[in-house]
There are 2 protein chains.
Amino acid sequence: MFPKLDPLLHSELRLAVMSILAEVRSADFSFLKKQTDATAGNLSVQIDKLAEAGYISVQKGFKGKMPCTTCTITPTGLEAFRNYVNALKDYLPL
Amino acid sequence: MFPKLDPLLHSELRLAVMSILAEVRSADFSFLKKQTDATAGNLSVQIDKLAEAGYISVQKGFKGKMPCTTCTITPTGLEAFRNYVNALKDYLPL
DNA sequence: AAATTTTGGTTTATAAAATAAACTTGTTTA
DNA sequence: TAAACAAGTTTATTTTATAAACCAAAATTT
């Protein structure tokens, strides 16, 4: 009836990040920050958690001289996101 | 882009309870417990929060000799639930 | 009828989460 | 060269979610 919701995705900011990445596959830190309107600290922490779970991979590099962190959704992450969306449907009148 | 999600509703158990009440309007504690498969303690706490927010009203009475707590969704609660569902749509590919 | 179990919860304790504030390192601009 | 900015990270704090322990009354068992 009410399937367990993946606690990693049932978080406002992580869900927003995954929602973006599910669409564009890859995005850098600054882009995610702007789109989600999150603080850098919060975003940093949530990205770590998604990475630890294997839902995204993180590439650290430079854009010109500036450091640039790029996040890419993994197949595991994409599947988890889709499962979460499906699970939610049982909670909502859609 | 990503609207703020009502933190009172962005909780697995509270969302399940509100989802049920949005459909049936009124249900008692035992029914909610069975449907959500929650522990009594957790359910009790979450019901309190929903009641404090004015999303549900709680009637305490008896069914025969047994105590019976009935929860009813309020117009405020129903609106909040609908708003939450709408907000979520911006996070999900639906 | 006394003891035990069950029902219907509440209260309390704890572990985990979300978030912001403070900090760091390096770069650009005035 | 000093001040401001960019891109994050680390740390600290406040909430949450949840379960475990508890309680009173009713029902059941012996």
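Around DNA strand C, this predicted model puts a surface of 11 nonpolar, nine polar and three charged residues. That surface counts 23 residues, and the ones that come closest are A:S11, A:G41, B:G41, B:S44 and B:T69. As for which elements do the work of lining it, two or more residues each come from α1 and α3 of chain A, and from α2 (29–36), α3 and β3 (66–73) of chain B.

Now for DNA strand D. Here 23 residues sit around the strand, with A:F29, A:G41, A:T69, B:S11 and B:G41 nearest. Chain A gives two or more residues from each of α2, α3 (40–52) and β3 (66–73), while chain B does so from α1 (12–24) and α3 (40–52). Sorted by class, the surface near strand D holds 11 nonpolar, nine polar and three charged residues.

What about the protein–protein side of things? Chain A and chain B put 17 residues each into their contact. On the chain A side, α1 (12–24), α2 (29–36) and α4 (75–89) each supply at least two residues. The largest share there, five residues, belongs to α1(A).

Here are the three surfaces by residue class:

| Surface | Nonpolar | Polar | Charged |
|---|---|---|---|
| Near DNA strand C | 11 residues | nine residues | three residues |
| Near DNA strand D | 11 residues | nine residues | three residues |
| Side of chain A that touches chain B | 12 residues | four residues | one residue |

So which helix of chain A gives the largest share of the side that touches chain B? That's α1(A), with five residues, and α1 of chain A also gives two or more residues to the surface near DNA strand C.

Conventions: Residues numbered from 1 in each chain as written. Chains lettered and ligands numbered in written order. Predicted model: local features only at pLDDT ≥ 70, side-chain atom pairs only at ≥ 80, totals over all residues. Contact = placed C-beta atoms within 7 Å. Helix = DSSP H or I, 4+ residues; strand = E, 2+ residues; numbered from the N terminus. Nonpolar A, V, L, I, M, F, W, Y, C, P; charged D, E, K, R; others polar. Near = placed C-beta within 6 Å.
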